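Work through these exercises with the model open. Each task is followed by its solution.

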Amino acid sequence: MSTKILHPKLVAGKGMSRRDFTRAAAASTALAALGTPAIAQQYPSQDVHFVCAFPAGSGADVIVRFMAEKMRPLMGRTIIVENKPGALGNISTEYLVRSKPDGHTVLIHGASGVAAAAAIVRNSSIDVSKSIQLAGTINRQPTMLAVHVNKPWKTVDEVTAAIKEKKEKASYATTNPVGKVMGAIYKKTLGLNPVEVNYKTAADSLNDLTSGAIDYILADNVFTMAQVRANRLRVLAVSTAQRLQANPDLPTMTELGVPMDLTGYFAAMVPTGTPQPVIQQLSKWVGEVIASEDAKKFLNSFASDPWVTTPEQGQAYFLKDVDNWKNYVKIAEIEQQG
């Protein structure tokens, strides 16, 4: 139910005095205030859809399904995971933006990836800075510089020395925009010139890393840690500004003389216009899950830290990231798509 409030001049001559109008306006405000908690109490009123921007079975899908499992008892509703991969995540992002802003469709995805795609995809039909609201952040995660375990290098300095010796014969693998930016900053800061080889997926690079055709890889934490556990890769540094609690032994590139702060972060996102009581309730539930020991153990297992913020804090970080990616695209000379 909506209540229309009229300006005093508009009701003149219709039997309502300014005093009567003031009283009516106050009553309307009071009714609206009473309705605010009611919205939160009624949410969710139907099945909830968690949208994943990657295929079933992917690292991102595992995160989305973990959140669905843990939030189902809190929400008291069935949570349906919908996988909508493609276009650097833009298919899932557009699906969210075009959904009803009532909290029943939630994009569980790397908000950092949404920011990156906004800078890379040309002529996008949406402005993510105006059409998406973060309800709650989930984690902080790095991109990792790693080498195959059959390589003798144990530090980034040793990799740098090898690259300088190999000159134009040196090469490295990237699989996503963050890796491309990380690689560009590494090269430009230290005056290196290895050849970047872009692979569709990180798994596609394994044969070349094993054979020595590729010297090192800049890859996401989920893939990299899986390969570490399989004794295939050795991590030498991370892209975040500070060391992660999950792996405090891993140095940052900044510590090693290559300043950067490339931090990935998953979040629960809803369309702009979603009622604040719904956003606050969703934020509360996300925070409860992420603060649990189960979530810490789960997130730490692939070198990521739990990260709980308010919707306002998360949104401010996201908007800053959207601006940062306009510059990152230039640094890495990433060609726009679409």
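**Exercise 1. Lay out the sheet and find its edges.**

Step 1. The open sheet has 5 strands in the order β8-β7-β9-β6-β10, with mixed pairing. Strands (E, at least two residues) and helices (H or I, at least four) are DSSP runs, numbered from the N terminus. Two strands pair if DSSP finds at least two bridges between them.

Step 2. β8 (195-198) and β10 (233-238) each have a single partner strand, so they form the edges and leave one side without a neighbour in the sheet.

Step 3. From one strand to the next, the twist averages 30°. Axes are lines fitted to C-alpha atoms, for helices over the stretch in contact; angles run from 0 to 180 degrees between N-to-C directions.

The model is predicted: local features need pLDDT of at least 70, side-chain atom pairs 80 or more, while totals for chains, interfaces and linings use all residues. Numbering starts from 1 along each chain as its sequence is written, and side-chain values use heavy atoms, without hydrogens or water.

**Exercise 2. Describe how β7 pairs with β9, and place helix α8 on the sheet.**

Step 1. β7 (residues 171-174) and β9 (residues 216-220) run parallel, joined by 3 bridges. Thr174 has Leu218 in β9 as its bridge partner.

Step 2. Helix α8 (residues 177-190) packs on the sheet and touches β6 (143-148), β7, β8, β9 and β10. Contact means heavy atoms within 4.5 Å. The direction of α8 makes about 75° with that of β6.

**Exercise 3. Characterise the packing of α8 and α13.**

Step 1. α8 packs with α13 (residues 311-331) at about 60°, their axes 9 Å apart.

Step 2. That makes the pair oblique, the class left after roughly parallel (under 35 degrees), roughly antiparallel (over 145) and roughly perpendicular (65 to 115).

Step 3. Among the α8 residues that meet α13 are Pro177 and Val181; Trp325 and Tyr328 are among their counterparts in α13.
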